[in-house]
Amino acid sequence: MFAPPSSLAGYRRAVRVLFIGDVFGKPGRSLVAAHLPRVKSNYDFIIANAENAAGGFGLNREALEALTGAGVHAVTLGNHAWDNKEIFKLLDDPRIIRPLNASLEAPGRGWGTFTVGNEKLTVVNLLGRVFMNPAYDNPYNALEGVLEHRDLGAVFVDFHAEATSEKACLSYHFDGRVAAVIGTHTHVATADTRFLPLGTAFQSDSGMTGVIDSSIGMSLEGSIYKLRTGLPMKTEVALGRSKLNAVALEITDSKVTKIVRYTYTEDDATGVFEGEVRR
Ligand SMILES: [Fe+2]
Ligand SMILES: [Fe+2]
């Protein structure tokens with residue numbers, strides 16, 4: 001084990017965080033369960049967006065236990081948060097962070113602070129409003145409300161939104177005040193991993209963890225039929241080769257010092273890192 005020299009009194013090892021994008025249905029859960037136990041010792045804290053973990057729609061106890069059993073410490077949600085009604089029995093669990101600005105009436109918590117090694121890590125789940133349900137509360141005001149609290153440590157925001165423009169604008173507005181803003185919801189990973197001018201780590205979308213040959217996790221057959229004909233058709237969680245999309249962060253003194261995309265498929269012997277940026 002590396003020990004810092006005594007001249008570096010006060011030396012603090014970076015806290016390593018892995019954020020796994022929208023885990024979609026059983027294929028997504030299975031890939032997390034198969035892979036995460038092999039790599040979880042590389043991370044101090046693992047977050048997964050679980051809004052699609054139960055059959056593509058919401059979160060239930062089985063899905064929560066599959067993820068936490070594999071090594072996930074906290075889960076975030078999104079616009080599908082309430083799709084599976086079992087969620088209402090689970091929201092007392094402090095590991096579940098539901099959308100902060102979904103509804104003033106919502107049970108559970110929209111942000112939570114966790115102690116991770118030498119650091120505090122505050123996880124926030126925010127919903128966007130562009131091409132989303134306009135009834136959601138203003139995400140700027142919601143995040144300002146969180147930032148009024150003390151001892152938040154590094155603030156990690158899962159900004160669950162459709163439009164890349166909305167994700168960029170909110171992130172630049174809070175640049176330097178939060179450690180990271182990583183987008184979710186589109187299920188397509190973006191290659192814009194970077195630090196904003198005042199130090200916030202950013203990526204428009206983490207991508208999903210689910211079947212590759214699919215309509216963002218759902219079976220192609222039913223999805224194409226609906227789009228081609230305009231007629232209703234039952235769609236199901238796709239089956240086949242899956243991919244895990246994640247973002248890995250290193251945090252020191254509440255600031256991100258390194259951000260890198262991380263992917264894994266069953267074809268890989270190990271995961272693949274790409275797009276590493278340091279500051
Ligand atoms: Fe999703
Ligand atoms: Fe979503």
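Q: In this predicted model, which residues is Thr263 in contact with, leaving aside its neighbours within four places in sequence?
A: Thr263 is found in strand E13, and with a relative accessible area of 11% it is buried, because buried means under 20%. Once the neighbours within four places in sequence are left aside, the residues in contact with Thr263 are Lys243, Leu244, Asn245, Asp268, Gly271 and Val272.

Q: How many Å apart in space are Thr263 and Glu274, C-alpha to C-alpha?
A: Thr263 lies in strand E13, and Glu274 is 11 residues apart from Thr263 in sequence. In space, taken from C-alpha to C-alpha, the distance between Thr263 and Glu274 is 8.4 Å.

Q: Which residue bridges the iron ion (ligand 2) and the iron ion (ligand 1)?
A: The iron ion (ligand 2) is coordinated by Glu51 (OE), Asn79 (OD1), His160 (NE2) and His185 (ND1), at 2.1 to 2.2 Å. The protein donors of the iron ion (ligand 1), lying 2.0 to 2.2 Å from that ion, are Asp22 (OD), Glu51 (OE), Asn52 (OD1) and His187 (NE2). The two iron ions are 3.5 Å apart, and the residue that coordinates both is Glu51.

Q: Why does the site of the iron ion (ligand 2) count as irregular rather than tetrahedral?
A: Four donors count as tetrahedral if all angles lie between 85 and 135 degrees. The 4 donor atoms of the iron ion (ligand 2) make angles of 87 to 148°, and because the upper end of that range is outside the tetrahedral limits, the site is irregular.

Q: How many residues apart are Asn79 and His160, and which of the two is buried?
A: Asn79 is in the loop between strand E3 (74-76) and helix H3 (87-90), whereas His160 is in strand E7 (residues 154-160), so that this pair links distant parts of the chain, 81 residues apart. Asn79 is partly exposed, with a relative accessible area of 23%. With a relative accessible area of 0%, the buried one is His160.

Q: Where in the chain do Asp22 and His187 lie, and how many residues apart are they?
A: In sequence, the donor residues of the iron ion (ligand 1) are spaced D-x28-E-N-x134-H. Asp22 lies in the loop between strand E1 (15-20) and helix H1 (25-39), and His187 lies in the loop between strand E8 (180-184) and strand E9 (194-195). Both Asp22 and His187 are buried, and this pair, which links distant parts of the chain, is 165 residues apart.

Q: Which strands are the edge strands of the open sheet?
A: The open sheet is formed by 6 strands in the order E5-E6-E7-E8-E10-E9, with mixed pairing. Each edge strand pairs on one side only, and the two edge strands are strand E5 (111-116) and E9.

Q: What residue in the turn between E5 and E6 has a positive phi?
A: E5 and E6 pair in the antiparallel sense over 6 bridges, and Thr115 has Lys120 in E6 as its bridge partner. The two strands form a hairpin with 2 residues between them, and the turn residue with a positive phi, of about 55°, is Gly117.

Q: Which residues make up the covered face of E5?
A: In a regular strand the side chains alternate between the two faces of the sheet. The uncovered face of E5 holds Trp111, Thr113 and Thr115, while the covered face is made of Gly112, Phe114 and Val116.

Q: Which residues of the largest nonpolar core have the most contacts inside it?
A: The largest nonpolar core has 32 residues, and E1, H1, strand E2 (45-49), helix H2 (61-70), H3, strand E12 (242-252) and strand E13 (255-265) each supply at least two of its residues. A second, separate core of 23 residues includes Val15, Leu121, Val123 and Val247. Within the largest core, the residues with the most contacts are Leu18, Ile20, Leu36, Leu59 and Ile96.

Q: Is Ser206 buried or exposed?
A: Ser206 lies in the loop between E10 and strand E11 (210-211). Not counting residues up to four places away in sequence, Ser206 touches several residues, among them Phe19, Ile182, Thr184 and Val247. With a relative accessible area of 1%, Ser206 is buried.

Key. Residues are numbered from 1 along each chain as its sequence is written. Chains are lettered from A and ligands numbered from 1 in the order in which they are written. This is a predicted model: local features need pLDDT of at least 70, side-chain atom pairs count only at pLDDT 80 or more; totals for chains, interfaces and linings use all residues. Side-chain values use heavy atoms; hydrogens and water are left out. Donors are N, O and S atoms within 2.8 Å of the metal (3.2 Å for Na, K and Ca); water is not among the atoms, so sites may look incomplete. Four donors count as tetrahedral if all angles lie between 85 and 135 degrees; four count as square planar and six as octahedral if opposite donors are over 155 degrees apart and all others between 65 and 115; anything else is irregular. Helices (H or I, at least four residues) and strands (E, at least two) are DSSP runs, numbered from the N terminus. Buried means under 20% relative accessible area, exposed over 50%, partly exposed in between (1.4 Å probe, protein chains only). Two strands pair if DSSP finds at least two bridges between them. A nonpolar core is a set of buried Ala, Val, Leu, Ile, Met, Phe, Trp, Tyr and Cys residues joined through side-chain atoms within 4.5 Å. Contact means heavy atoms within 4.5 Å.
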